[in-house]
Amino acid sequence: MSEKVFPKDFMWGAATASYQIEGSPLADGAGPSIWHRFSHTPGNTYNGDTGDLADDHYNRYKEDIALMKELGLKAYRFSISWSRIFPNGKGKINEKGVDFYNRLVDELLKANITPFVTLYHWDLPAALQDLGGWTNRDIAYWYTDYADYMFQRLGDRVKNWITLNEPWVMAFVGHFMGEHAPGMKDLYAAFSVVNNQLRAHSKTVKAFREENVKEGKIGITLSNTSHDPATDSQEDIDAARLAHEWTNYPLFLNPIYNGEYPSGIKEHASVFLPHNYENDLEEIKEKIDFVGINYYSGDLVKLDTKSFLGGKTVERGLPKTEMGWEIYPEGFYKILKGVQEEYNPKEVYVTENGAAFDDSVVNQEVHDENRIDYLKQHLEQALRAIQNGVTLKGYFVWSLLDNFEWALGYSKRFGIVYVDYKTQKRIIKDSGKWYSQVIKNNSFNF
Ligand SMILES: N#[N+]C[C@@H]1[C@@H](O)[C@H](O)[C@@H](O)[C@@H]2O[C@H]12
């Protein structure tokens, strides 16, 4: 057995998102989000599940923060529901919505837990969707006004800000595949959403600098799947590279760091980018303080001229999680090493990593050895990345609690804490107890 020791002050945390855990989506003057609308539309979610109750975190946040303290979390990543603050997305402010997040932040600080706030985790105010949502160029102003208002209200206590969560998923799963809110199936719309999210992100970074949030840092969280070529043929190598540029961090970091879309996207997909997008690139190029990396799995990519951007994924035959995703820890290292080599961010945080398994309660315990194994294997790769020059400063496990897994509803459990949705009872899983020891020792045995 070898002990894997992390750097001193490594930021150990857990992550959640507003619509996935809070419940009470319309409480105290909040407006509906596109996920409230989407989940209440029959056929859109597993079993017709909605976020109406979820983990009832809106009412149980103190209990959940006590759990975080018991686990010994150093940090907690959560998102703000835009439509609690601006019920119509802009204009009238809902003070009771602001008050909830003020109380949440104050309770975290009382527990000596550092808040990491995600300003947008997919729950757009429905009123803005009625104006075109992320396909409307004006969203960049609406979003920046919302973000700037949050800097003003919480910036005295919240020092770590994430503008957008997984903008690729928002753009393509929500606007091309139609499987997430708002349920569109339009590739041109999806690419305009990419561009408008980048415009909104960079305008917000500028607003953040102007607000001069003392000791504040701002970044973006990006989804990633490790894509390797299925064979060593040049066509598969090219297809894998293109899949990487399209679905992973380059699609957003290349404009942010280099002021242009990745070369493969310009060559093979520029027709889908908005007219005159080039005029936005100078403004989009705006320094950020950290990059958030989300990672779950990897795949192999093979040339397939019938697929978008000419690549289809094939499997390695590895063990899978309940999501049907192959468990590929090596890919975690490749993504972390890759982002450092390609963009050299000042700081990197793993803002999500975790797994869904078929958890069951036995005598009020949850023995999820498979999740412990998944976390061990991935943390080993995270440490390897640090030892190989990656400026990795922290790790947020996804997720603190079992929660609403979007279109899959409550059928998938990612938490290190089990939630009985009927009774709202929380049970710390064996993985939560294991993770708590990792945090306490800043190390683990492998
Ligand atoms: N699926 N899955 C789990 C997890 C999802 O629950 C998060 O909300 C997203 O940020 C990201 O997709 C990852």
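A pocket is an open set of grid points with protein on both sides within 12 Å along at least five of seven lines. A molecule sits in a pocket if more than half of its atoms lie within 2 Å of its grid points. By this criterion the ligand of this predicted model sits in the largest pocket.

The ligand is surrounded by 14 residues. The closest are Gln20, His121, Glu352, Glu405 and Trp406. By class, this shell holds seven nonpolar, four polar and three charged residues. Oxygen atoms of the ligand pair with N or O atoms in several side chains. For Glu405 the distance is 2.7 Å. For Trp406 the distance is 2.9 Å. Asn165 also takes part, with a side-chain N or O atom 3.0 Å from a ligand oxygen. Taken alone, the ligand exposes 320 Å², and the protein buries 94% of that area.

The pocket that holds the ligand has a volume of about 1,200 Å³. Its lining comprises 44 residues. Nearest the centre of this pocket lie Trp168, Val169, Val173, Thr225 and Trp325. Both helices and strands contribute to the lining. At least two residues each come from α8 (167-175), β6 (217-229), α10 (234-247), β7 (290-303) and β8 (311-314). The largest share belongs to β7, which supplies six residues. The lining of the largest pocket divides into 20 nonpolar, 16 polar and eight charged residues.

The second largest pocket has a volume of about 240 Å³. It is lined by 15 residues. His227, Asp228, Arg241, His244 and Glu342 lie nearest its centre. Two or more residues of this lining come from each of β6, α10 and α14 (329-343). Of these elements, β6 and α10 also each give at least two residues to the lining of the largest pocket. The most, six residues, come from α14. By class, the lining of the second largest pocket has five nonpolar, four polar and six charged residues.

Enclosed space was examined next. A cavity is a set of points where a 1.4 Å probe fits but cannot get out. The structure holds two cavities of 30 Å³ or more. The largest cavity has a volume of about 90 Å³. Its lining consists of 14 residues. Tyr19, Pro25, Ser33, Ser81 and Arg84 lie nearest the centre of this cavity. Helices α1 (18-21) and α4 (82-85) each supply at least two lining residues. Four residues of the lining are nonpolar, seven are polar and three are charged.

The second largest cavity has a volume of about 30 Å³. Its lining includes Thr16, Ala17, Ser18, Ile21 and Glu22. His57, Tyr76, Phe78, Ser79 and Leu104 are also among the lining residues. Helix α1 supplies at least two residues here, as it does for the largest cavity. Strand β3 (75-79) likewise gives at least two. The largest share, three residues, comes from β3. The lining of the second largest cavity counts five nonpolar, four polar and one charged residues.

Technical notes: Residues numbered from 1 in each chain as written. Predicted model: local features only at pLDDT ≥ 70, side-chain atom pairs only at ≥ 80, totals over all residues. Heavy atoms only, no water. Near = heavy atom within 4 Å. Polar contact = N/O pair within 3.5 Å; in protein donor to acceptor, adjacent residues only side chain to side chain. Areas by Shrake-Rupley, 256 points an atom, 1.4 Å probe, with all protein chains shown as cover. 1 Å grid on protein atoms, 1.4 Å probe; cavity = no way out; pocket = protein on both sides within 12 Å on 5 of 7 lines; lining within 4 Å. Nonpolar A, V, L, I, M, F, W, Y, C, P; charged D, E, K, R; others polar. Points joined across faces, edges and corners; volume = space filled by probe spheres on them. Helix = DSSP H or I, 4+ residues; strand = E, 2+ residues; numbered from the N terminus.
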